[in-house]
Amino acid sequence: MTGPAKPPAAGRARQQVAGRAERVLRALLPRTLRARLTLGLVALLAFCCLAVGVATVTALHGFLVGRVDEQITALGPRLAAGLEHERRPDADNRIPDTRGVPPNTFAARLFGGKVTAAGVVHDRTVEGVPISEADSRALAALPPDREPRTVHLSALHGYRVAAYTGDDHDVLVTGLPLRPVEETTRRLVLVEAAVFGIVLALAAAAAAGWVWLTLRPLRRVAATASRVAELPLASGEVALPERVPDADPRTEVGRVGAAFNRMLGHVADALARRHASEERLRSFAADASHELRTPVATIRGHAELALRRRDGDTDRVPGDVRHALGRIQAESVRMGDLVEDLLLLARLDTGRPLAAEPVDLTRMVLDAVADARAAGPDHRWAMELPEEPVTVRGDEHRLHQMLANLLANARTHTPAGTRVTVRLERPRAGAGAGEGSGAVLEVQDDGPGVPADLRSEVFDRFVRGDKGRSRASGSTGLGLAIVAGVAAAHGGRADLDSAPGRTVFRVTLPGRPPE
């Protein structure tokens with residue numbers, strides 16, 4: 001059972017190693033297109049420099065070694081032949097002839113696979129050199145075919161040597177050092193490294209500048225897109241004067257710019273149509289609300305008047321008629337509230353100025369919670385207020401309506417026994433400040449919370465928490481929209497933080513509404 005499980009584990013280990021290597025490679029590679037293009041150009045130039053350097057060094061090294069081989073062929077076995085017999089100072093013909101022999105020339109005589117004599121020319125004389133067992137084996141392995149080969153001697157390092165057959169059936173070896181060749185090659189490598197390094201540095205700077213200039217149209221496209229993205233496209237009238245200046249169809253960036261300009265044109269047209277539709281809808285809502293205000297009030301007044309008709313102590317209105325009139329009165333009250341809410345939203349949409357007078361939010365919370373406690377006695381109401389009164393400048397009536405809507409929302413959408421806490425405090429940055437520093441108002445409950453699919457649109461108009469309830473028993477879906485509208489009209493904002501067992505509606509208000 002354990003045998004077949006090992007290959008999958010090994011495969012996972014290889015995948016993990018490959019994944020880590022890929023992450024490291026991604027971290028090392030540059031992220032911007034400019035950096036990648038510059039790096040690519042510099043890397044290509046570096047590869048070309050490397051290829052040129054390797055080619056020139058290899059060619060020079062081969063040429064110099066060939067010159068050394070020519071010198072060895074010209075010398076022949078003459079110097080090594082002088083080592084065939086023991087050198088005697090009194091016999092000139094037995095001393096190796098060093099005339100015309102370059103310094104550091106190596107000569108050796110081998111007989112029976114063993115080195116019998118070896119020396120190096122110094123100051124026109126041949127000085128003996130120690131030959132190790134490894135050197136002796138390397139020299140004995142040379143075939144006497146007069147072809148130069150490279151050997152490394154322990155006392156002399158690298159030499160180019162050729163072996164010849166002597167008159168006494170021995171082997172004569174002649175060689176020249178490779179140190180001059182190596183020094184010349186090393187000097188060329190250093191010069192090329194310095195030159196190529198300077199060239200790469202200048203090329204990197206030039207490539208970075210060239211890529212920067214080449215990508216300038218693309219940067220203009222990105223800048224235009226960024227400016228468009230910063231525009232408030234969600235609502236209101238939106239003008240899109242931004243266009244990409246580079247729209248030449250002969251270039252790739254120009255084609256992208258032309259397509260982006262066409263897209264902006266379509267977006268501007270769609271936004272204009274949307275704004276016109278919203279304006280017509282707002283105008284209709286405002287006009288309809290104004291037109292409905294008077295007949296609704298008239299219907300309500302006649303219903304109340306009919307319900308008050310009595311002849312002495314006897315009610316002259318039959319019971320079924322009284323019930324119908326009561327329903328008419330209740331629905332007219334509800335319709336009147338809806339009309340007033342629509343009118344308020346219409347005024348907020350048109351940006352009509354609000355009152356800017358000192359509003360004691362602490363007193364307002366006390367009054368609103370008292371009203372909510374009377375309207376919802378089956379809920380548990382609590383307050384958390386600071387020791388000092390919290391005051392802002394704004395429209396007291398609208399702020400009170402905003403708080404009343406939040407409390408009504410908590411009362412309507414939570415079951416009996418839910419704890420609702422109203423919290424008032426100064427913003428953290430303005431803690432301890434006086435009037436005008438702003439305020440944070442929170443309404444928190446421990447109810448079931450706002451459904452996840454409604455949290456993003458809870459402050460929109462006509463959004464109702466329970467879509468299955470009838471219009472008669474449910475809310476109109478305008479309460480939280482009025483909360484967001486009043487907060488925005490005062491320069492603040494309304495936020496929601498909801499989870500099962502904890503829902504917080506938070507309204508942040510500045511010290512004074514905007515002009």
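Helices α8 and α11 cross in a left-handed way, meaning that the near helix is turned anticlockwise from the far one by less than a right angle (clockwise would make a crossing right-handed). This is a predicted model, where local features need pLDDT of at least 70 and side-chain atom pairs count only at pLDDT 80 or more, while totals for chains, interfaces and linings use all residues. Residues are numbered from 1 along each chain as its sequence is written, and side-chain values use heavy atoms, with hydrogens and water left out.

Back to the two helices. You'll find α8 at residues 319-349 and α11 at residues 479-489, with axes that come within 10 Å and cross at roughly 30°. Helices here are DSSP runs (H or I, at least four residues), strands are E runs of at least two, and both are numbered from the N terminus. The axes are lines fitted to C-alpha atoms, for helices over the stretch in contact, with angles from 0 to 180 degrees between N-to-C directions. The pair therefore counts as roughly parallel, a label for angles under 35 degrees (over 145 is roughly antiparallel, 65 to 115 roughly perpendicular, and the rest oblique).

So who touches whom? From α8 come D341, L344, L345 and L348, and they meet A481, I482, G485, V486 and A489 of α11; contact means heavy atoms within 4.5 Å. Sorted by type, the residues of this contact give 7 nonpolar, 1 polar and 1 charged. Nonpolar covers Ala, Val, Leu, Ile, Met, Phe, Trp, Tyr, Cys and Pro; charged covers Asp, Glu, Lys and Arg; the others, Gly among them, are polar.

Now for the cysteines. How many disulfides does a search of the whole structure find? The count is 0, where a disulfide is a pair of cysteine sulfur atoms within 2.5 Å. For C49, the closest cysteine sulfur is in C48, 6.9 Å away, which is too far for a bond. C49 is buried at 9% relative accessible area, whereas C48 is partly exposed at 37%. Buried means under 20%, exposed over 50%, and partly exposed in between (1.4 Å probe, protein chains only).

Last, a look at the backbone. Most residues other than glycine have a negative phi. N104 is not a glycine, yet has a positive phi of about 65°. N104 sits in the loop between α3 (78-81) and β1 (106-111) and is partly exposed, at 32%. R146, also not a glycine, has a positive phi of about 65°. Its loop lies between α4 (133-140) and β4 (149-153), and R146 counts as exposed, at 55%.
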